[in-house]
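Q: Hi, could you walk me through this structure? I'd like to talk about salt bridges and the contact between chains.
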Protein chains: 2
Amino acid sequence: MSALSSSSSPLRLGIAGLGTVGAGVIKLIEANADLISARAGRALKVVAVSARNRKQDRGICLDTLRWYDNAADLVNDAEVDVIVELIGGAEGTARTLVEAALKAGKPVVTANKALLALHGPALAKLSADNAAPLLFEAAVAGGIPAIKTVREGLAADRLERIGGILNGTCNYILTVMRETGQDFATVLADAQKLGYAEADPSTDVDGWDAAHKLAILAGLAFGQPVVFDSLHVEGIRQIGSADLDFARKLGYRIKLLGLASLREDGLEARVTPCLVREDAPIAQVDGVFNAVVTESAFAGRLMIEGRGAGAGPTASAVTADLIDIARGKTVSVWGVEHSDKPALQALPLSAGKGAFYLRLLVEDRPGVIADVSAVLRDCGVSLRSMLQPTPARNETTPHVPLILVTHQTSEAAMQDAVTRIKALSVVTASPVVIRIETD
Amino acid sequence: MSALSSSSSPLRLGIAGLGTVGAGVIKLIEANADLISARAGRALKVVAVSARNRKQDRGICLDTLRWYDNAADLVNDAEVDVIVELIGGAEGTARTLVEAALKAGKPVVTANKALLALHGPALAKLSADNAAPLLFEAAVAGGIPAIKTVREGLAADRLERIGGILNGTCNYILTVMRETGQDFATVLADAQKLGYAEADPSTDVDGWDAAHKLAILAGLAFGQPVVFDSLHVEGIRQIGSADLDFARKLGYRIKLLGLASLREDGLEARVTPCLVREDAPIAQVDGVFNAVVTESAFAGRLMIEGRGAGAGPTASAVTADLIDIARGKTVSVWGVEHSDKPALQALPLSAGKGAFYLRLLVEDRPGVIADVSAVLRDCGVSLRSMLQPTPARNETTPHVPLILVTHQTSEAAMQDAVTRIKALSVVTASPVVIRIETD
C-alpha cells in the first residue's frame with residue numbers, strides 16, 4: 001500500500017456503479033478539488049470506472065477514464081488505489097468486487113447497506129486480515145455522518161440505545177399522509193412519480209432498508225456485528241390515514257423507527273412504526289429527512305438530522321470516507337479491534353415491553369367495549385385511554401373504529417391480547433397495532 | 001513520540017484542572033476502561049494531575065497519581081504522553097501549559113474555547129511546527145461531536161453556513177422566560193441557584209461564550225482562523241418577557257444564535273438573539289440543549305442537537321479526542337494543512353441584510369405610528385406588520401409598546417432607522433431590535 005502512505009501523489013480511485021450516486025461522486029470530486037486537496041493533503045483522482053452501459057449520458061465525461069465492463073477487473077488495475085463500490089445489493093457483482101478488493105489489500109468505500117448488514121462479519125474479517133480499510137459512511141442516513149459520530153465521536157462512551165428515522169421514503173409517505181389525509185396507496189403512487197419511491201417499493205415500505213441501517217448502527221454502537229435475521233421488522237403498509245388522525249388527537253405523530261438497545265439480558269432491535277409525542281424532537285423530522293438518535297451514559301441524548309438520501313448527500317459521505325483514507329485516518333469496521341466474537345442475536349420481540357395504540361374495526365352495537373376490555377383485563381393489559389369517534393352523519397356503515405391506548409405492558413401479553421381480540425365476533429378486521437415511544 | 005506509535009502500551013495522561021470536567025474525565029476513563037481499550041487498541045491511563053488544591057474532595061482517589069502544584073511541570077514529566085488542559089481561560093496557566101506542551105511535541109487535548117478562539121492561529125502554528133496534535137472537541141457544544149462532524153464528516157463538502165444554539169445558559173434562560181413569563185433578572189437568579197449560570201454571568205449572557213465557539217466553528221468550516229475581535233456579539237440582557245410573548249403571537253421563538261456564512265464578498269459572523277419560526281427544527285431545541293447547524297453544497301442542511309455542557313458530555317468529548325490520539329488518527333487544527341494565510345476578518349455588521357423585529361415604548365396618543373412609519377419610509381425600510389397591544393384595563397401608563405416587523409432590508413438602513421426612531425420625542429425608551437432568521 002505504498003500509494004496510500006505517500007502524501008504527495010493523488011489517491012487514485014476506481015468507481016464501480018455510475019448511477020446518480022456514482023455520477024454525484026465524480027461531480028463532487030471535480031467541483032471541490034481545491035478544498036479536498038487542502039483537507040486531505042493530496043488530490044483524489046478518479047482513474048477508472050465500471051458500469052453496465054458505457055454509452056448512457058450521465059452528465060459527466062468518461063473519456064479520460066479507463067473503462068471496465070467487469071467491475072471486479074478494477075481490483076487488478078495496478079493504478080487503482082481504492083475501490084468505490086456504488087452498485088448496491090447484498091450479493092452478485094457488488095459482493096464479489098468488495099471481497100476481491102479486500103483480499104487484494106485495497107481499501108474499499110461503499111454505500112451498500114444490504115451488503116454490510118448481511119455480510120458484515122465476513123467482510124470485517126477480510127478487512128482486518130488484509131489490513132484493507134472498509135468504510136461505509138454513506139450506507140447509513142446519506143449525508144448524516146452517523147457512522148463517524150458513533151465510531152469516533154462517541155468512542156469514549158457506552159452506547160445504550162441507537163436508532164431513529166432511517167428511511168426517507170417512509171418518512172415522506174407518513175408526512176404527506178398526515179398533512180393531506182390521503183391514504184397510503186395514493187401517497188405511494190405520487191412518491192413513485194416524484195422519484196421518492198422505487199417502482200418496487202417493498203425494500204423501503206416494508207422496513208428492510210431501515211433494518212439494514214439499524215443492523216449497521218447497532219454493530220457500531222455495541223462493537224459487535226448483529227445477526228440481521230434476528231431483527232424484528234415491520235413496515236408502514238398497514239398504517240391508515242385514520243391512524244395519523246387519531247394519533248394527532250392523542251397528541252402523537254407516527255414515524256417508522258429503527259431502535260436498538262443493549263439491555264442486561266441482551267439486544268433489543270426492531271424496526272416498527274411508532275407513535276411519538278408530537279413535541280418530541282424526532283416528531284419534527286418530516287419529509288425525506290432522516291434522524292439518528294443515540295443515548296449514551298456520559299454524553300446523554302444526541303440527535304442528528306439531515307438528508308438521508310440523494311446524489312449530493314450520499315456523494316458527500318462517500319468522499320468524506322475517501323478523505324479519511326487519503327489522510328491515513330481509518331478505523332476498523334466495527335470501531336474495535338477485530339475479534340471472532342459471534343454476531344449478536346436480538347432477543348425475540350416477545351421479551352420486550354411497551355405501551356401500545358390499537359385500532360380495531362368493530363360492530364356498532366352496545367357491549368363491544370365490554371368484550372374488548374374483558375380480553376385486555378384477562379391478558380393483564382391495562383388501558384390508559386379509549387376513543388370511539390362518532391361516525392360521520394352520512395355514514396351508515398355498521399362497522400366503526402375503536403381506538404385503545406394501553407399503559408406499559410409486556411409484548412407477550414399484548415400479542416396474546418391481540419390474538420384473542422381478533423377472534424372476537426364483534427371485531428370485523430385485523431387490528432392495527434402501533435408501539436408508543438415515550439422517550 | 002515513540003509512546004504514541006506503540007499500540008500495546010497505555011497512553012499516559014497528565015490532566016491539568018480537576019473541576020467537574022477534570023474529575024469527570026477521570027471517572028469516565030475508569031468506568032469505561034474496557035470499551036476504551038477495545039476501541040483505542042490500548043488503555044488510557046491517567047498518571048499525573050495538577051490543580052489548585054490537593055486536599056479538595058472531588059469524589060476521586062488521587063493517591064496513585066503524581067501531583068504537580070505547577071501545571072506546566074506536567075510537560076516535563078517524561079512519563080506523560082499527552083497533556084489534558086481543563087483549567088480554562090485564554091491567558092495565564094492554561095495558555096502557558098498548552099504552548100509549552102506543543103513546543104515539547106506533546107499532544108494536547110483541551111476544552112478551552114476562549115484559548116482556541118483568541119490564540120488559535122498561533123497554537124495551530126505551534127502544533128504544525130512541532131507535529132504535536134491539538135484537539136478540542138469539548139470546546140464547542142460539549143457532548144455534540146461538532147468539531148469532528150465539520151472537520152471530518154463534512155470534509156468533502158463546501159460549507160456555506162455554520163452556527164446554531166451555542167450557549168446552554170442563554171437557551172435555558174430564554175426557554176424559562178417563554179414558559180413562565182418571568183423576566184430576565186428573575187430567571188437568571190434562579191439559574192444561578194441551580195448552577196446553570198455562573199456568579200458572574202457576563203461571559204454567557206453577553207454572548208462571549210457563544211462567540212468563542214462560533215469563531216472555532218467558522219475556522220473549521222472555512223479552513224482558516226477567524227479574527228475574534230471582528231465578530232459582532234450581542235447577548236440577551238435586553239430581551240424582555242414581553243418580547244417572547246410578542247414573538248409567540250407572531251409565530252416565532254427567540255434564540256441566541258451564533259451564525260457564520262462565507263459570502264462572495266467575505267465572512268459574515270455574528271452572535272445575536274434571533275426570532276426563528278416556531279416550527280423550525282432549531283426552535284424546538286430548548287433548555288440547556290445546544291444545536292449545531294451546517295449548510296453545505298452537497299450534504300445540504302444538517303442539525304445536531306445534544307448536551308452542550310456538564311461533566312458527562314464534556315468528559316465524553318475530551319476522551320473521544322484522547323482515543324483519536326491513541327488510535328493515531330488526528331487531523332490538523334483547522335482540518336487543512338497549516339498555512340500562514342492571515343486570519344479571516346468578518347465583514348462589518350452594516351454590510352449584512354436581514355428582516356427585523358422592533359419593540360418600541362411610545363407615548364399613547366394619536367400620530368405616533370405615523371411618525372415612526374415616516375422614519376422607516378425615509379430610511380427605505382419596508383414594514384411587514386405592526387402590533388400595538390391594547391393596554392390592560394387597569395393600566396394607566398401613558399407609555400405603550402409598539403411592535404414592528406420589517407421585510408428584508410440592509411443592516412445599514414436599519415441602524416439608521418433605529419438611530420432616528422430613538423431621537424423621536426414620542427419614543428420613550430431605547431428600542432429593542434431583534435433579527436429574524438427565516439431559514
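A: Happy to! A salt bridge here is a side-chain nitrogen of Lys or Arg within 4 Å of a carboxyl oxygen of Asp or Glu. Bear in mind that this is a predicted model.

Q: Good to know. Which residue does B:Glu99 meet in a salt bridge?
A: The partner of B:Glu99 is B:Arg95, with 3.0 Å from N to O.

Q: And where do B:Glu99 and B:Arg95 lie?
A: Both sit in helix α5 of chain B, residues 92–103. They are 4 residues apart, about one turn of the helix.

Q: How many salt bridges are there over all chains?
A: Searching the whole structure gives 65.

Q: Let's switch to the interface. How many residues does each chain bring to the contact?
A: Chain A brings 52 residues and chain B brings 52 residues.

Q: What about the area buried between chain B and chain A?
A: The buried area is about 4,300 Å², and carbon and sulfur atoms give 54% of that. On the chain B side, B:Arg39, B:Ala156 and B:Phe298 supply 17% of the area that chain B buries against chain A, more than any other three residues.

Q: Nice. How many salt bridges are counted between chain B and chain A?
A: The count there is 4. A:Lys148 also forms a salt bridge with B:Glu152, where the closest N and O atoms are 3.1 Å apart.

Q: And how many residue pairs are in polar contact across the interface?
A: The rule finds 28 such pairs, with both residues at pLDDT 80 or more.

Q: Which element gives the most to the side of chain B that touches chain A?
A: That would be α13(B), with 8 residues. By class, this side of chain B has 23 nonpolar, 14 polar and 15 charged residues.

Q: Now helix packing. At what angle do the axes of α13 of chain A and α7 of chain B cross?
A: Helix α13 of chain A (residues 311–327) and helix α7 of chain B (residues 146–153) cross at roughly 85°, and their axes come within 10 Å. Angles from 65 to 115 degrees count as roughly perpendicular, so α13(A) is roughly perpendicular to α7(B).

Q: Which residues meet there?
A: From α13(A) there are A:Ala320, A:Asp324 and A:Arg327, and they meet B:Arg151, B:Glu152 and B:Gly153 in α7(B). By class, the contact of these two helices has 1 nonpolar, 1 polar and 4 charged residues.

Technical notes: Residues numbered from 1 in each chain as written. Chains lettered and ligands numbered in written order. Predicted model: local features only at pLDDT ≥ 70, side-chain atom pairs only at ≥ 80, totals over all residues. Heavy atoms only, no water. Axes fitted to C-alpha atoms, helices over the stretch in contact; angles between N-to-C directions. Helix = DSSP H or I, 4+ residues; strand = E, 2+ residues; numbered from the N terminus. Parallel < 35°, antiparallel > 145°, perpendicular 65-115°, else oblique. Contact = heavy atoms within 4.5 Å. Nonpolar A, V, L, I, M, F, W, Y, C, P; charged D, E, K, R; others polar. Buried area = accessible area lost by both parts, 1.4 Å probe. Polar contact = N/O pair within 3.5 Å; in protein donor to acceptor, adjacent residues only side chain to side chain.
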